[in-house]
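Trainee: I'd like to learn how to read a model like this one. Can you walk me through it?

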Amino acid sequence: MQLFYLLLRSAWRTVAGAGLAGLLNGASTAGLIALINAALNNLTNLQSLLPWGFTILGILLLFTHFASQVLLVQAAQQAVSEMRLVLGSRILASPLRQLEALGNAQLLATLTDDVEAVARSFSVLPNLFNAIAIVLGCLLYMAWLSVPLFFILIVLIGFGTGSYLFLAGKAGRFLTAARVQQDRLFQHFRALTEGNKELKLNRERRQAFITEEFQPTVAEARKQNQIGLTVFAIAASWGQLLLFVTIGFFLFTLPNLLGVSGPVMSGYVLTIIYLMLPMQHVIEAIPILSRASVALAKVESLQLTLNEDISRTTSETELPPLGAWQTLELINIRHTYQSGSPDNPFTFTLGPLNLKFQAGELIFIVGGNGSGKSTLAKIITGLYDPEGGEIRLDGQVITPDLQEWYRQHFATVFSDFFLFDRLLGIETKNNLTQAEDYIKLLRLAHKVAIQGDRLSTTNLSQGERKRLGLLTAYLENRPIYLFDEWAADQDPIFRDFFYTQMLPTLQQRGKTIFAISHDDRYFKVADRIIKLDYGQIESDTLGREYQASTTSNSST
Ligand SMILES: Nc1ncnc2c1ncn2[C@@H]1O[C@H](COP(=O)(O)OP(=O)(O)OP(=O)(O)O)[C@@H](O)[C@H]1O
């Protein structure tokens, strides 16, 4: 039902038009069969008018068939596009933590496979709707021919449909199991592309990956799909068998039992034979619809619900202006990760932390690996909603309503940043001119140029790509900057340039800067150094004091 709801919601007018055309098509089909039966059995005194009736009904049938198909194709494509847009905007609107917990593999499987499965189901809908309209028209005709025969037919159809749906339900379970394997397959696809170097360089690892991970998942997905689709094939053959049994029953048994007249009987048999093609369409559509409903169930399980009004998630609501700020406070902030396996669970807790920052400060966040620096950065920038505590900007608590506005204060380069090849959202004329200058400053002029609002290339070394990340952050011109181990991939000269010239220049422009750093040689440039250890603040010192203490330590 979800599927039809989705289709109806996005294109109800087109669907209504297609429904009307489909009904007319069903009626003209039934009329045509009645007319053929009348012509064959000489049932009317108006035989001379039959060719005209045949021509008119034939034209109506062709036209309504064409119209319903075209309209449903339009509606289906409209619904699929909306599904893609809604999924995209729901992913953007979902909390980062939720997306991280789902993982890229699951999200990609949904964005490609599930949308594809739903799209495919929409492509069979035109034939399905048309078939249903024809079946309804034919049933009406048969009810008109003989009510007792009609009821016998309904009992047979009920039995056939019930047994078919029973088998189809069993098949659907195998398709659901196959879909579970699909997520694992996407994980393996990522390993194949992102871990390609590691797999190429180590033969044993590659063989173990192929034989112990990739092949078993591919085989399991194939097995479940194969069983599911075979059960559907059995159900389809069972349906066809029932159809022949019904025709035989009507042709050979019923006339003896009920003494039905020849023309009525031939009308029935003719109609049932005519129904074979539409029934075939229905039977072929059911596995595809079943797969689509598995896909939709998967999409729903991600809690990226489809019942969201697209305009709410994509339209830009007016945000209050950013304005100048003085203090940023983290009060009793806490964040927990639960990870590991059920037998070996692992919990990491950051906080509770209490920190107060002044506008214009240059703050270094330091500490060992896994001490919680990046987690703190995601909380400060509003990417994570803290589990406990609150963030206040100039005393104003950042509630969920203000979260989007709050995030607009930050320009960042995270260690796993993404480099867009277009200067999206910052492509003003002034910025494009500035970008040229920054590219020279970042010593990339010999490799990258600005072409229109695009970077001529992003195929660069990791250090060079990070310089372009810095360039886009500069152009964003936000009040607060956050760099997560930005200098880690830079050569010594550029690292020195970053700490001793770029950060101070940004600070002189009135920016507040958070820099996650392991470069203790440069800690002296910071106003303040916050050191984390296992999610707690080990020390919060002035930069120059931190330098003094390490110097005094090294001199003793
Ligand atoms: N998405 C996640 N799911 C579960 N645990 C996580 C997740 N991200 C981080 N952690 C855990 O939280 C802890 C802190 O991680 P975080 O990335 O904040 O540390 P960090 O100080 O930035 O480390 P590094 O210097 O290595 O970058 C780590 O022990 C890590 O295992």
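Trainee: Which residues does the UniProt annotation "transmembrane region" cover?

Mentor: Keep in mind that this is a predicted model. The unreviewed UniProt entry puts that label on residues 12-40, 52-73, 124-144, 150-169 and 229-252.

Trainee: How much helix and how much strand is there in residues 150-169?

Mentor: That span is 100% helix and 0% strand, with its end C-alpha atoms 28 Å apart. Residues 229-252 also come out as 100% helix and 0% strand, and there the end C-alpha atoms are 34 Å apart.

Trainee: Next, helix H5. How far does it reach from its first C-alpha to its last?

Mentor: H5 takes in residues 147-194, 48 in total, and reaches 67 Å, close to the 70 Å expected at 1.5 Å a residue.

Trainee: And which residues of H5 are buried?

Mentor: General idea to start: an α-helix has 3.6 residues a turn, so residues three or four places apart point the same way. In H5 the buried set includes Ala168, Ala171, Leu175, Ala178 and Gln182. The partners that the buried residues of H5 pack against are helix H4 (104-145), helix H7 (203-258) and helix H8 (262-301).

Trainee: Now the ligand. Which residues are around it?

Mentor: They are Glu100, Tyr337, Ser339, Phe348, Gly367, Asn369, Gly370, Ser371, Gly372, Lys373, Ser374 and Thr375. Strand S1 (327-340) and helix H10 (373-380) are the elements giving two or more residues to this shell. H10 gives the most, with 3 residues.

Trainee: What is the shell like by class?

Mentor: Count 8 polar, 2 nonpolar and 2 charged residues around the ligand.

How values were computed
Residues numbered from 1 in each chain as written. Predicted model: local features only at pLDDT ≥ 70, side-chain atom pairs only at ≥ 80, totals over all residues. Near = placed C-beta within 6 Å. Helix = DSSP H or I, 4+ residues; strand = E, 2+ residues; numbered from the N terminus. Nonpolar A, V, L, I, M, F, W, Y, C, P; charged D, E, K, R; others polar. UniProt positions renumbered as here; feature names shortened; annotations may be inferred. Expected span 1.5 Å × (residues − 1). Buried ≥ 20, exposed ≤ 12 C-beta atoms within 10 Å, placed from the backbone. Contact = placed C-beta atoms within 7 Å.
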